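Visitor: I'd like to understand the labels people attach to a model like this one. Could you walk me through the reasoning behind them?

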Amino acid sequence: MKSLSNRHLQLLKLVVFALAALPFLRLAYAVYQDNLGANPLEFITRNTGDWTLYFLCITLAVTPMRKLLSWHWLIRLRRMLGLYSFFYASLHFLTFLWFDHFFDIGDMWRDIIKRPFITVGFITFILLLPLAITSNNAMIRRLGGKQWQLLHRLIYVIVPLGVLHYFWMKAGKNLLLQPLIFAALVSALLGARLYWRWQSKTAIA
């Protein structure tokens, strides 16, 4: 399946869109059913944060998978996956602002400054904003392909920061296995990119 017809690609996009929306729909249904456990705030925060990190990693994995499997059509899904990362990150931040601080901006800033893992999480969200805003063809034309690509390389900073945010949050509870798995996965994905870039420069030399 190295190439897909436009019809099959559009069908695949619909399937991926629906699957990516499922975690949100499940969460919304749990809210509706009042089935969020003993600590609803923690449940929503954990759920939206986890899915943000999942989609960030999936987005980062698109290029390595495309190269390894020669599935060039995967690149056509990357924008949607990246926007879903931002969608779940926005829900995660909104949960923090609304249910944790009841839209008290001053109280929110004090919390951001006081707790390093929240500081890192907030920086990660802010860095995602320009990527989401420019994830359309009009912005690619306005910025120019080269500048647009340079801006979107922020993903190589964003994903490790997201893992660090997750690691610090889990470290406070002595739950390090999942953060270490994410760290290993992201290291492998970034390491593959560095290797291919080194190979390319070696071939040119």
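Guide: Gladly, and please keep in mind that this is a predicted model. Let's begin with Phe 55, which is buried, with a relative accessible area of 5%.

Visitor: Why is Phe 55 called buried?

Guide: Buried means under 20% relative accessible area. Phe 55 has 5%, so the label buried applies.

Visitor: And what makes Trp 51 partly exposed?

Guide: The relative accessible area of Trp 51 is 27%. Partly exposed covers what lies between the 20% and 50% limits, so Trp 51 belongs there.

Visitor: How are Trp 51 and Phe 55 placed in helix H2?

Guide: They are four residues apart in H2, which means about one helical turn separates them. In general, an α-helix has 3.6 residues a turn, so residues three or four places apart point the same way.

Visitor: How many aromatic pairs does the structure hold?

Guide: It holds 20. In the pair of Trp 51 and Phe 55, the ring centres are 5.9 Å apart and the planes are at 40°.

Visitor: Why is the pair of Trp 51 and Phe 55 called tilted?

Guide: Rings pair if their centres lie within 6.5 Å, and 5.9 Å satisfies that. Planes under 30 degrees apart count as stacked and over 60 as edge-to-face; 40° is neither, so the pair is tilted.

Visitor: What accessibility do Tyr 84 and Phe 87 have?

Guide: Tyr 84 counts as buried at 8%, while Phe 87 counts as partly exposed at 29%. These two residues are three residues apart in helix H3 (residues 78-100), about one helical turn.

Visitor: What makes the pair of Tyr 84 and Phe 87 edge-to-face?

Guide: Their ring centres are 6.1 Å apart and their planes are at 85°. The centres are within 6.5 Å and the angle is over 60 degrees, so edge-to-face is the right term.

Visitor: Which residues form the aromatic cluster?

Guide: Among them are Phe 17, Phe 24, Tyr 54, Tyr 88, Tyr 166 and Phe 182. Trp 51, Phe 55, Tyr 84 and Phe 87 belong to that cluster as well.

Visitor: Back to helix H2: how do you know that its length agrees with its number of residues?

Guide: H2 runs over residues 40-69, which is 30 residues. At 1.5 Å a residue it should span 44 Å, and its end C-alpha atoms are 41 Å apart, so the two agree.

Visitor: Where does H2 bend, and what follows the helix?

Guide: The bend is at Val 62, by about 35°, and Pro 64 follows within four residues. After H2 comes Ser 70, with a positive phi near 60°.

Visitor: How many salt bridges does a search of the whole structure find?

Guide: Three. One of them joins the side chains of Arg 46 and Glu 42 at 3.8 Å, N to O. Both residues lie in H2, four residues apart, and they count as partly exposed, Arg 46 at 35% and Glu 42 at 33%.

Visitor: What makes the contact of Arg 110 and Asp 107 a salt bridge?

Guide: The closest N and O atoms of Arg 110 and Asp 107 are 3.9 Å apart. The limit is 4 Å between such atoms, so the contact counts. Both residues lie in helix H4 (residues 105-114), three residues apart.

Visitor: Is Arg 110 buried or exposed?

Guide: Arg 110 counts as exposed: its relative accessibility is 53%, and exposed means over 50%. Asp 107, at 27%, is partly exposed.

Visitor: Which residue meets Asp 111 in a salt bridge?

Guide: Arg 115 does, at 2.8 Å, N to O. Asp 111 counts as buried at 12%, whereas Arg 115 counts as partly exposed at 33%.

Visitor: What is said of phi at Phe 102 and Phe 103?

Guide: Phe 102 has a positive phi near 50° without being a glycine, and Phe 103 has one of about 60°, again not a glycine. The loop between H3 and H4 contains Phe 102 and also Phe 103.

Visitor: Why is Phe 102 called exposed, and why is Phe 103 called partly exposed?

Guide: Phe 102 is at 63%, over the 50% limit, so Phe 102 counts as exposed. Phe 103 is at 45%, between 20% and 50%, so Phe 103 counts as partly exposed.

Conventions
Residues numbered from 1 in each chain as written. Predicted model: local features only at pLDDT ≥ 70, side-chain atom pairs only at ≥ 80, totals over all residues. Heavy atoms only, no water. Expected span 1.5 Å × (residues − 1). Bend = angle between axes of the 7 residues up to and from the residue. Buried < 20%, exposed > 50% of the residue type's maximum accessible area, 1.4 Å probe, protein only. Phe/Tyr/Trp six-rings, centres within 6.5 Å; stacked < 30°, edge-to-face > 60°.
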